[in-house]
There are 2 protein chains.
Amino acid sequence: MGDGQDLKTRFGGPAESPGLLLWRTTMRWQRVMTAALAPLDLTHVQFVLLASAMWLGRNGEPPNQVQLAAQAGTEVKMTSDVVARLEAKGLIAREADPRDSRAKVIRITPAGAASAQQAIVAVEAADAAFFEPVDEAQLVGMLRQLAGEIR
Amino acid sequence: MGDGQDLKTRFGGPAESPGLLLWRTTMRWQRVMTAALAPLDLTHVQFVLLASAMWLGRNGEPPNQVQLAAQAGTEVKMTSDVVARLEAKGLIAREADPRDSRAKVIRITPAGAASAQQAIVAVEAADAAFFEPVDEAQLVGMLRQLAGEIR
DNA sequence: CACAGATAATCTGTGTGCAGATCAAATCAT
DNA sequence: ATGATTTGATCTGCACACAGATTATCTGTG
């Protein structure tokens, strides 16, 4: 029977909405990442910013916070906050930019690099397991269409 | 062309990781939903709980907070907090359950029902536009495999 | 009946996510 | 070069997301 829909909508039932599915999938993925990174005392966003900073430092000049945020796809304010936490943990260091006294240049410490290396292994393993049920390339193709520009 | 990778990983570059794409896609979707619901003074989670409560109330007995959380796929604590906000806005009402004095039965007010109806229209339009670039059925099929059970 | 264990709701505390505002330094236009 | 505008970083404040603890209540077993 028509499952009692007196609304001109499918909302609420088995939650067919792609948006709700997307949201729940991401929350589950976040929980998986949180669990994978917990032994390293890193959150997912902390990991993304740490690894992004490491990548930028290796493939060019060490970035300031705005450049790091652009690379990682995070809010500038978030980046400021999270980078401060990473600094407090001794994983990155912030120095004044000699070219722009407003900016702070971000460098990975040896401890940060070691932590990032372990985290990358853990995250990629968790990622592979999470997406194992589906065709990853196909999903990536669709998400690329939806993710939009970095900001 | 090997773009200078001395790590045994692809992390950081153009962000090929399905996890990161999933994360960014969901954040962008959240911004779209926030914008669509802003005129109605509702956040996305508030909308989900309001609409879920309405659906449950129409298709059976009005739920308590645990049942609502299970339906909506939200944390019990979140549900408690957000439902309190919805109550403060006059969109739902909480009554003591005569059968279980621990529980609170949630009912939609007329204002809540009106608000939910408008919100559903706005959200479904925004959803359709957001997912227009891709094959929605195909994406839903993949997300179903990944979203996991409601909790 | 009594009591252990489960359940409903809430509280504390940490960590995002983001809008809006502030402030100082850099850059642009005249 | 001087005033207007941008830009980099930070702050306030609100709203999730979730782990862990608390309180009150319910249920099952003897």
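These legends walk you through close-up views of a predicted model of protein chains and a DNA strand.

**View 1. Residues around DNA strand C.** Let's start with the whole neighbourhood: 24 residues surround DNA strand C. The closest are T43(A), from one chain, and K77(B), S80(B), R102(B) and K104(B), from the other. By type, the residues of this surface divide into nine charged, eight nonpolar and seven polar. Which parts of the DNA make up the atoms within 4 Å of the protein? Sugar or phosphate accounts for 76% of these atoms of strand C, and bases for the rest.

**View 2. Side chains that reach the DNA backbone.** Here you can look at single atom pairs. In the side chain of R85(A), an N or O atom is 2.8 Å from a phosphate oxygen of DNA strand C. R31(B) also has a polar side-chain atom 2.8 Å from a phosphate oxygen of this strand. For S101(A), a side-chain N or O atom is 2.6 Å from a sugar or linking oxygen of strand C. Several elements give two or more residues to the surface near the strand: helix 2 (44-58) and helix 4 (76-88) from chain A, and helix 1 (18-37), helix 3 (65-72), helix 4 (76-88) and strand 2 (100-108) from chain B.

**View 3. T79(A) and its surroundings.** Now zoom in on helix 4 of chain A, where T79(A) lies. Is T79(A) buried or exposed? It counts as buried because its relative accessible area is 0%, and the cut-off for buried is under 20%. Its side chain reaches the backbone oxygen of E75(A) at 2.7 Å. Beyond its neighbours within four places in sequence, T79(A) is in contact with L49(A), Q65(A), L68(A), A69(A) and T74(A).

Note on methods: Residues numbered from 1 in each chain as written. Chains lettered and ligands numbered in written order. Predicted model: local features only at pLDDT ≥ 70, side-chain atom pairs only at ≥ 80, totals over all residues. Heavy atoms only, no water. Near = heavy atom within 4 Å. Polar contact = N/O pair within 3.5 Å; in protein donor to acceptor, adjacent residues only side chain to side chain. Helix = DSSP H or I, 4+ residues; strand = E, 2+ residues; numbered from the N terminus. Nonpolar A, V, L, I, M, F, W, Y, C, P; charged D, E, K, R; others polar. Buried < 20%, exposed > 50% of the residue type's maximum accessible area, 1.4 Å probe, protein only. Contact = heavy atoms within 4.5 Å.
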